[in-house]
Structure formats: structure tokens, C-alpha cells
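Q: Can we walk through the empty spaces and charge pairs of this model together? Here it is.

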Amino acid sequence: MSDSNPSASFRLAPRHWLALAVSVLPLVLYAVFSLREGDLPLYFRTARAFLDGATPNRDFRFEYPPYALLWFVPAAWAGGDLRGFILAFGLQLTLFDAFIKWLLLSEGVRRWGTSWRAWAPLAAYFVVSWIQSVHYLKRYDAIPAALALAAVVALMRRREGWAGVALAVGTVTKLYPVVLVPLALAVCWRRGAKPTRALLMGLAAGVLPLVPLSLVWPWWQFASFHVERGLQVEAFTAGLLWAAHQLGFAQVEWVLAPASYELHGATAARVLAITRQLWVAGSLLAAALSVRAAWRRPPVHIEDLARLALVPLVAFVILNPVLSPQYLIWLTGAAALALLSGRVGPSVVLLVAAAITRGLFIGGSFKGFLPLATLLLLVRNAMVLYAGLVWARETWRWGSSGISEHPEAKDAPAPTPQS
């Protein structure tokens, strides 16, 4: 694996560690005292069945990529019963939350030293993660989000091998980090054969356990579950369709499906088919756009790489026929890093969109979004789409420019070592 080549040496000062602890404490308290269960009973049942000797996708259906189960098992073993699992898994998620915040604070100090702007990523992420706690600590998405963010940071620090491992493990945990693999390959290819080889070796090491696992567990069958899913009610096109239904322009049904609420009916089926095509085409186009930019003009700072990563990530989320509330967790870490220089508007818009997602289910009806909730959904989705389009335009200009510095980035002072 490649050696690290940081731009400057630094150490987090006591005040940084104190701020980090304070930022994690509210979530620790929420994990300990919250009675909400979310998806945690499902995680517990699958992990308990696995510990009792059952084989996933043979003896019981497992809807997630295979590494997800490995994150469930320790909490099920340590917790014993469901309540113990909820506590243990919630505390496990707070460790990943602390890791994400440590990365954000470390990169801020590395980039800006003692300047106030070094605190921006941590502060923004702290606020948004706390507002999202109702699903942030009741789903497992913080785990792949931490792995994807770690891959971006490792790639920028020229630890290409570790970036490959993080991307591979994140992909086999939640799938979506795979959209960052082409960008990582483009960055490493520009650096030369050794970094590219290190990235490929890391990717191979991360997926290697799937080979022996295939002999005893048909893990690939998880994909069939997702192929069968319908148009989830929070998706971009679903929101437009539900609004049309409320205005009397379309007829659809609000149905509780096995994994989420979906829109059903002939019109919904047609919209679902179109959405799937847009999702695939848009995600591929966004990945190609970030690859083009990275190839023509390699990122200079961590926030440059974060913006390049956000282009395929946002496309994968906002064009998806399924847009569960926790999906925005996938975006908030990179959006927080993008606050370090240049235009902060898109990051602020996306972070606000993630925060207001909680409002969709406050006082709403699970027989269908009421008009006010529908309006909030449309606004939330429009905000995510807007941020993605702005980053896509910036990425196109980045790749088209011949200068070596981001046109809107300020020169940051070299960080001074912290004691």
C-alpha cells in the first residue's frame, strides 16, 4: 500500500478532542435511552438466526449485501435479547459516528490549521446527524457512510491501498460506494502504476472473503430482493406522482410493501420503469463526469475530491426508485468536507435537505403523505437535485479548466502543528 504524503504535519489539540467528545455524547445518550426500534429488530432476528446455525438466503431471506450481517452479529452476540441488541448496536453506531467526525475534524485542521473554517465540517455534520438521529441510529447506514468517507480521505492522503479496502468493504456492506470506484481508479491512474496497483490490491483484498463465503452462502441472492422492489414513496419521481395524485391528475395506490411504502398501480408501474432507466443512465453519466474531471485535472485539496465524489453519489440517491430517509446519510460527510473552501451553497442546501427529512413523518399519515408532507418531500428532493446539478456543473468546469487551482477556492494557510 502506498505511503502517506500529507500536506502538513498536524496534531489535534485538547480542545479538538473535547469538541469531538461533546459532538458524540448526545448520540450516545440517544442510543442508550431511546425506545424507538426502527429496523433493529430485523437486524437482530437475522443475526440471531445466523448465530443459531441458519444459512442466509437458504434458511431465511437476507435482503442486504453479505458484509452487513457481519456488522449485526457482534451486537446480537453481546446483547443477548432484542433490548440488549438495540443498546449494543446503537453504541456500535456511535463509534462509527465518532470516526466520521474525527475524519472531518482532522481534515479541517489539516487544511486550515487554527482558522475557524477548520471546524466547519464537524459543526455541520454534528447538527445534521443529531437531527437525523431517529434513523441515523436506527439503521446501519452510518457504517458504509464511514467507510466511503474513509476511502475519500485515504485516497487524498495517498493511501491508495486502504482506500481500496474501504471501498470494497463498504460496497459489500451497502452497495452504493461502488459508484466511487471509477473515480478512485481515475485518480490513481493519473498518479502512476504503483498507486493504481495499490488501489486494485486493496479492492481485491476487500472482496476476497466472498470467494470462500460463496461455498456455503448464496450471498448474491440479496440482489433479487431489490430488483423486485417498487417505487418507494420518497423517491423523486414518486413524490411528483403522489402530488399529481392529490391534484387529481393520476391514480395510484399507497401500499405497505415488504420493505417500505410504495406507490402501486398502472401509472406507478410505468413511472417505475422510466425511473429505473434514468437511475442507471444518470448514475453512469455522473460517474463518467467525475472520472473526466479527475483525469484532466487531479484534485488538489480534500474538498475538491469530495465534490467530485458527490456527483455520482447524489445521482445514485436522487434518481433512485428507492429513497429511504437514511440514504441522505451517504451524502452528508462529503458535503461537510466541501465546506472547507469554494462555494458553500450546495453543501448547505444538501445538509438542510438531510435535516428536514425528519419532518416527513411528523404528524403524517402512513396511509399517504398529507399535502403539507408532500410539499416538504418535493422541496427536499428538489434541494438534493439542485445541489447535485451545481456540483455536476462545477465538475464539468473543473475538468475543462487548465489551471491547477479550483477557480473559487481560497488558498488555505499551511496548518501549524497543534500541541
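A: Sure, and a definition comes first: on a 1 Å grid over the protein atoms alone, a cavity is a set of points where a 1.4 Å probe fits but cannot get out, a pocket is an open set with protein on both sides within 12 Å along at least five of seven lines, and lining residues have an atom within 4 Å of a point. Grid points are joined across faces, edges and corners, and a volume is the space filled by probe spheres set on the points. Bear in mind that this is a predicted model, where local features need pLDDT of at least 70, side-chain atom pairs count only at pLDDT 80 or more, and totals for chains, interfaces and linings use all residues. Residues are numbered from 1 along each chain as its sequence is written, and side-chain values use heavy atoms, with hydrogens and water left out.

Q: Which helix gives the most to the lining of the second largest cavity?
A: About 70 Å³ of space lies in that cavity, and its lining includes Ala-148, Leu-167, Leu-183 and Leu-305. Helices here are DSSP runs (H or I, at least four residues), numbered from the N terminus. Helix 7, helix 8 (160-174), helix 9 (181-191) and helix 15 each supply at least two lining residues. With four residues, the top contributor is helix 7.

Q: How many charged residues are in the lining of the largest cavity?
A: This cavity holds about 90 Å³ of space, and among the residues that line it are Ile-100, Tyr-125, Trp-330 and Gly-333. For the classes, Ala, Val, Leu, Ile, Met, Phe, Trp, Tyr, Cys and Pro count as nonpolar, Asp, Glu, Lys and Arg as charged, and the others, Gly among them, as polar. The lining comes out at 11 nonpolar and one polar, while the charged count is no residues.

Q: How do the residues lining the largest pocket divide by class?
A: The largest pocket has a volume of about 1300 Å³. Of its 49 lining residues, the closest to the centre are Arg-229, Ala-259, Val-322, Ser-324 and Gln-326. Helix 12 gives the most to this lining, with four residues. By class, the split is 27 nonpolar, 10 polar and 12 charged.

Q: How far apart are the closest N and O atoms of Asp-97 and Lys-101?
A: A salt bridge is a side-chain nitrogen of Lys or Arg within 4 Å of a carboxyl oxygen of Asp or Glu. Being four residues apart in helix 4 (residues 82-112), Asp-97 and Lys-101 are separated by about one helical turn. Asp-97 is buried (under 20% relative accessible area, 1.4 Å probe, protein chains only), and Lys-101 is buried too, at 0%. Their closest N and O atoms are apart by 2.9 Å.

Q: Which residues are linked with Arg-307 in a network of salt bridges?
A: Glu-394 pairs with Arg-307, the closest N and O atoms being 3.8 Å apart. Glu-394 lies in helix 18 (residues 371-400) and Arg-307 in helix 15 (residues 302-318), so the pair ties together parts that are 87 residues apart in sequence. Glu-394 is buried at 11% relative accessibility, and Arg-307 is buried at 4%. Linked with Arg-307 in the network are Asp-304, Arg-343 and Glu-394.

Q: Which residues does Ala-68 touch, not counting those up to four places away in sequence?
A: Ala-68 lies in helix 3 (residues 66-79) and is buried at 0% relative accessibility. Contact means heavy atoms within 4.5 Å. Outside that sequence window, Ala-68 touches Phe-62, Tyr-140, Val-172 and Thr-173.

Definitions and conventions: Buried means under 20% relative accessible area, exposed over 50%, partly exposed in between (1.4 Å probe, protein chains only).
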